[in-house]
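Colleague: I would like a close look at a single part of this model, with the terms explained as you go. Please take your time over it.

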Amino acid sequence: MKNKHYITLLFATLLSPIGAAAASWTPPTVTGQELKTGETQYAYNVKANGFLNANSASTTIVSDEGLPLFITSSTNNTYLLGTTADEGLTYTYIYYEDNQTSKAGGEAGRTHLNWTIEAQGDGTYYIRPDKADENYGEDYFPEMWMGWKNDGTDIIYPLIDEYEETYGLTWKFVSETEYERFFNLNALSDAMTTAQDYGFDITAALAVYNNSASTNEELAAATTELKKKIREYDIEHATIDKPVDLSDILTNYDFEEDFVSGGTEVTGWTQE
């Protein structure tokens, strides 16, 4: 009887579920809108599933967070891709330095500010340096467009071959309203994926995510709560082989604010 009892327990254990079934949800998607001038929009790269932005060196990249663009018409059916850091008092522009490098921060009046933007008939667009540009126009770089090379980096190049199927050349323009919604949904979706991989209960977050009436603030709060749990878990289980980067809790951790070579006053730091 004793052995029979053990066998019964064994079969019960084998037949019982190992854990709760993984939750599933539909990731957010970008609809986009018709290109509009004179209002703030974001440029979304379909292949990379990210937005046009710039890194600390001002080089254009694709990122989860987008660079607000104020697009205006220019000469010869081209456009200026403007950005502002002071709510529209002044603008700088996305420009191409050469055929391999485009950057943010170009001052008005400099060369290579003009971009050709062509609708593809399906709500998407191709972007490239001015087709008539004397150095980087269509005569010198035919059938090439701005895009992501899908090469393991986040760099957005001003001119890459349109026939390379792995490249991301297709763009959508996104309104501020849709961008904010997508950004918050996408952040929560990513946080839920990680939290579920860690074995955390995401029921409450999923309810917020699936509720179309949830505000952006509610989505952000749910994301923050999950990230806090993930961070606490990572810190608790940190090892020499698996350290946790805590740079973001330091003020001015990368010394970018007020840094002067040889100076003694740097925001967030004291010298002893």
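What follows is one request about one strand and then a connected answer.

Colleague: How many of the residues of strand S5 (residues 79-83) are buried, and which strands pair with S5?

Modeller: A word on the source comes before the answer. This is a predicted model, in which local features need pLDDT of at least 70 and side-chain atom pairs count only at pLDDT 80 or more, while totals for chains, interfaces and linings use all residues. Residues are numbered from 1 along each chain as its sequence is written, and side-chain values use heavy atoms, with hydrogens and water left out.

Strands, like helices, are DSSP runs numbered from the N terminus, with at least two residues (E) for a strand and at least four (H or I) for a helix. A residue is called buried under 20% relative accessible area, exposed over 50% and partly exposed in between, with a 1.4 Å probe and protein chains only. In strand S5, 5 of the 5 residues are buried, so the strand is largely enclosed by the rest of the structure. Tyr79, Leu81 and Thr83 point one way from S5, whereas Leu80 and Gly82 point the other way, and all of them are buried.

Now to the neighbours of this strand. Two strands pair if DSSP finds at least two bridges between them. Strand S4 (residues 69-73) runs antiparallel to S5 and is joined to it by 4 bridges, and within this pair Ile71 stands opposite Leu81. S4 and S5 form a hairpin with 5 residues between them, and Asn76 in the turn has a positive phi of about 55°. Strand S6 (residues 92-96) also pairs with S5 in the antiparallel sense, over 2 bridges, and here Gly82 of S5 stands opposite Tyr93 of S6.

The S4 side can be followed a step further, to Gly38, which lies in the loop between helix H1 (2-15) and strand S1 (40-45). Contact means heavy atoms within 4.5 Å, and Gly38 touches Phe70 and Ile71, not counting residues up to four places away in sequence. Gly38 and Phe70 are 32 residues apart in sequence, yet their C-alpha atoms are 6.3 Å apart in space. Gly38 itself counts as partly exposed, at 45% relative accessibility.

The charged pairs come next. Side chains of opposite charge can pair when their charged atoms come close. A salt bridge is a side-chain nitrogen of Lys or Arg within 4 Å of a carboxyl oxygen of Asp or Glu, and by this rule the count comes to 3 salt bridges. One of them joins Lys103 and Glu97, with the closest N and O atoms 3.8 Å apart; Lys103 is buried, with a relative accessible area of 18%, whereas Glu97 is partly exposed at 38%.

Another salt bridge joins Lys131 and Glu118, with the closest N and O atoms 2.6 Å apart. Lys131 lies in the loop between strand S9 (125-129) and strand S10 (144-148) and Glu118 in strand S8 (residues 115-119), so the pair ties together parts that are 13 residues apart in sequence. Lys131 also forms a salt bridge with Glu138, where the closest N and O atoms are 3.6 Å apart. Salt bridges that share partners thus join Glu118, Lys131 and Glu138 into one network. Lys131 counts as partly exposed at 24% relative accessibility, as do Glu118 at 27% and Glu138 at 36%.
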